[in-house]
Amino acid sequence: MENKKEFRSWLDAHKLEHPIVIAGPCSAETEEQVLKIAHQLKDTDVTYLRAGIWKPRTRPGNFEGVGAIGLKWLQKAKAETGLLTATEVANRAHVELALEHDIDLLWIGARSTVSPFIVQEIADALEGTDKVVLVKNPVNPDLALWIGAVERFHTANIKNLGVIHRGFSTYDKSKYRNNPEWQIAVDFQTRYPDIPLICDPSHITGKRDMILEVSQTALDLNFDGLMIETHYDPDNAWSDAAQQVTPDSLIQIFKDLRIRKEQDDEVGYQSKLGVLRAQIDIIDNSIIETLGKRMKTADAIGELKKERNVAVLQSKRWNEILGKMILAGEEQGLSEEFILRVFKAVHQESIVHQEKVINN
Ligand code: PEP
Ligand code: MN
C-alpha cells in the first residue's frame with residue numbers, strides 16, 4: 001500500500017464535508033422506520049444513511065435483520081431524501097445483493113474482519129468496485145489483523161477504502177462496551193495517514209450519554225468522520241437500544257462538538273506553532289539529559305550498596321519519594337496518576353541500573 005494518497009479520493013474527490021457523518025439505525029426494522037429516520041436526517045450534517053440489513057448477533061435467537069428487502073427501503077430512502085446509503089456486508093451473497101441495489105457504502109463488520117477467509121471472500125466479490133468500502137477494526141485489539149484486511153481490499157483494486165474504529169472487546173468489565181484503545185487507531189493513522197479513519201462512538205460506548213465525549217476525542221485525534229446509530233425511538237429499537245440517539249440528539253451533538261481543522265496554513269499561526277514546537281524539543285532534550293543524570297546517580301548509589309552489601313530495593317525510601325513527588329506534581333498541575341506512572345517507570349529503570357552495578 002505504497003501510494004497512500006489515492007485513498008483520500010472518496011472524501012476529497014466527492015468534495016464531502018469533514019467530518020463525514022454516517023447515521024441511521026443499528027438495524028432496518030420496517031420500511032416506515034427507515035423512511036421516517038431518513039427524512040429526519042435529511043437536512044442535517046449526515047451524508048450517508050446507515051442501516052444494518054443482516055445483523056451479526058452474539059447469540060442466536062435475537063433479531064437477525066430483515067434481509068434483502070431492507071435494501072429496497074434504503075433505495076427508496078435515497079430517492080426520497082438524496083442521502084447516500086450504507087450497510088454491512090458479511091459474505092459474497094450480501095455483496096452481490098448490495099451492489100445490485102446500488103448501495104453507496106459497504107462496511108465490513110468487526111466480527112468479519114477477524115477472519116481472513118471471510119475478508120478474502122468479500123474482497124473477491126467486491127473486486128474493482130468504486131463503491132466506498134469501510135473496514136471496521138477486528139473485535140480483538142490486533143493492528144496487524146486490521147491492516148491485513150485493508151490490504152486484501154487494496155489488492156482487490158478497491159480505491160475508495162477507509163476504516164472504522166469501533167473499539168475492542170475485553171473480558172473485564174469497563175465503562176465502555178468496547179474499549180477504545182485509542183493508541184491502536186492512532187498507530188493505524190500514523191502508518192496510513194491518507195486512509196480515511198471514521199470513529200463509531202455508538203459501538204465503543206454502548207451508551208448514548210457517552211457518545212458526545214467519545215466523538216470529541218475522535219475529532220481531537222484528527223479522525224475524518226463519525227458513524228452514529230440514530231433512531232426516532234431508541235428505547236424500542238430492535239437492536240442496540242441503549243446506544244442509539246434520536247435525530248434531535250444527533251443534531252445537538254453536532255452543535256456541541258468542537259470541530260477543529262486538521263491544518264492551518266496561515267503564516268502567523270505557523271510561525272507561533274514553530275516557536276512552541278522548538279521549545280518543546282528543547283524541553284524534551286533536557287528531560288532526557290536529566291533522566292540520564294538521574295540514572296548515573298542511581299549507578300553511584302548501586303556502587304555504595306554493593307560495598308556495604310545492601311539490597312537494591314528500599315521500599316520505605318521509595319514511598320517517601322513518591323509522596324513528595326505527588327505533592328510537587330500537584331503544584332505544577334500534574335495529576336497523581338501521571339506522576340505515579342512516570343515515577344514507577346523511572347524507579348524501574350533505576351533498579352535495572354543498580355542491579356547491573358551490583359552484579360558486576
Ligand atoms: C453495526 O454497525 O451495527 C455493527 C454490528 O457493528 P460492529 O461490527 O462494530 O459490531
Ligand atoms: Mn449496532
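Below, a colleague asks a modeller about the two ligand sites in this predicted model.

Modeller: Residues are numbered from 1 along each chain, and chains are lettered from A and ligands numbered from 1, each in written order. Local features need pLDDT of at least 70 and side-chain atom pairs 80 or more, while totals for chains, interfaces and linings use all residues; side-chain values use heavy atoms, without hydrogens and water.

Colleague: Why is E229 called buried?

Modeller: Buried means under 20% relative accessible area, exposed over 50%, partly exposed in between, with a 1.4 Å probe and protein chains only. E229 has 0% relative accessibility, so E229 counts as buried.

Colleague: Why does D240 count as buried or exposed?

Modeller: D240 has a relative accessible area of 17%, therefore D240 is buried.

Colleague: What makes C26, H203, E229 and D240 the residues that coordinate the manganese ion (ligand 2)?

Modeller: Donors are N, O and S atoms within 2.8 Å of the metal (3.2 Å for Na, K and Ca); water is not among the atoms, so sites may look incomplete. C26 (SG), H203 (NE2), E229 (OE) and D240 (OD) sit at 2.1 to 2.4 Å from the manganese ion. Their spacing along the chain is C-x176-H-x25-E-x10-D.

Colleague: What is the polar contact between R166 and ligand 1?

Modeller: A polar contact is a pair of N or O atoms within 3.5 Å; within protein, one must be able to donate a hydrogen and the other to accept it, and residues adjacent in sequence count only if both atoms are side-chain atoms. An N or O atom in the R166 side chain is 2.6 Å from an oxygen atom of ligand 1. For the H203 side chain, the distance is 3.3 Å.
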